[in-house]
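Here is a structure to look at together. The questions below ask what earns each label its place.

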Amino acid sequence: MNLPDELARLLREVPALSRAYLVGGCVRNSLLGIAHKDFDLEVYGVDYETLARQLSAHGRVDLVGKSFGVIKFSGLSGGQWDFSLPRRDSKMSAGHKGFQIEVDPDIDPKVAASRRDFTINALYADPATGEVYDPFGGVDDLKDGVVRFIGALFNSINTIQQY
């Protein structure tokens with residue numbers, strides 16, 4: 001995956017990003033050969049404050065999504081990226097705000113990916129090696145032109161386990 005120079009430099013120089021993975025649409029679009037400018041990263045093994053502090057030495061940090069573990073970063077050369085910590089989302093009540101969010105920098109990546117909507121958006125990639133991780137069969141779904149909802153996979157599994 002071809003990263004912007006400034007983002008590649010951040011990934012090399014910021015210690016808190018040693019376990020950062022590209023996630024979601026940028027991975028999906030790269031596999032499809034679609035040009036993209038939006039790079040989102042999920043960062044493991046570091047707490048929110050440490051990540052924010054280390055990123056702030058390299059640009060502007062906006063702590064707009066602390067309850068979701070999200071930092072919006074604006075680099076000195078104009079690049080903008082979202083860095084998030086892995087989390088679990090649990091539906092607690094009706095509506096789009098009825099979620100309990102648990103940020104956990106040490107969560108298993110498959111569990112973190114399970115909160116995403118579709119298998120093709122749950123892909124993540126190691127920016128250093130380009131290796132793609134595919135916990136729910138999203139690569140095959142891309143090849144087959146199929147869109148599968150991750151929640152349906154879990155509902156099927158839970159239904160089977162109940163019987």
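Q: What makes the space lined by Val-23, Glu-42, Tyr-44, Pro-109, Ala-113, Arg-116, Ala-122, Leu-123 and Tyr-124 the largest cavity?
A: Those nine names come from a predicted model, where local features need pLDDT of at least 70 and side-chain atom pairs count only at pLDDT 80 or more, while totals for chains, interfaces and linings use all residues. A cavity is a set of points, on a 1 Å grid over the protein atoms alone, where a 1.4 Å probe fits but cannot get out, and a lining residue has an atom within 4 Å of a point. The structure holds 1 cavity of 30 Å³ or more, and the largest has a volume of about 40 Å³. Volume here is the space filled by probe spheres set on the points, which are joined across faces, edges and corners.

Q: How do the residues of that cavity's lining divide by class?
A: There are 7 nonpolar, no polar and 2 charged ones. Ala, Val, Leu, Ile, Met, Phe, Trp, Tyr, Cys and Pro count as nonpolar, Asp, Glu, Lys and Arg as charged, and the others, Gly among them, as polar.

Q: What is called a pocket rather than a cavity?
A: A pocket is an open set of points with protein on both sides within 12 Å along at least five of seven lines. The largest pocket comes to about 200 Å³, and its lining includes Asp-40, Leu-41, Asp-82 and Ser-84. Strands β2 (40–43) and β5 (80–84) each give two or more residues to this lining; a strand is a DSSP run of E, at least two residues, and a helix one of H or I, at least four, numbered from the N terminus. By class, the pocket lining has 3 nonpolar, 3 polar and 5 charged residues.

Q: Why is Asn-29 called buried?
A: Buried means under 20% relative accessible area, with over 50% exposed and partly exposed in between (1.4 Å probe, protein chains only). Asn-29 has 14%, so Asn-29 is buried. This residue lies in helix α2, where Cys-26 and Val-27 are buried too. Leaving aside neighbours within four places in sequence, Asn-29 is in contact (heavy atoms within 4.5 Å) with Ile-34 and His-36. Residues are numbered from 1 along each chain as its sequence is written, and side-chain values use heavy atoms, leaving out hydrogens and water.

Q: Which element has the lowest mean pLDDT?
A: Helix α6 (residues 150–162), at 53, where pLDDT is the predictor's confidence in each residue, from 0 to 100. Over residues 156–163 pLDDT stays under 50. Where pLDDT is low, the predicted coordinates should not be read in detail.
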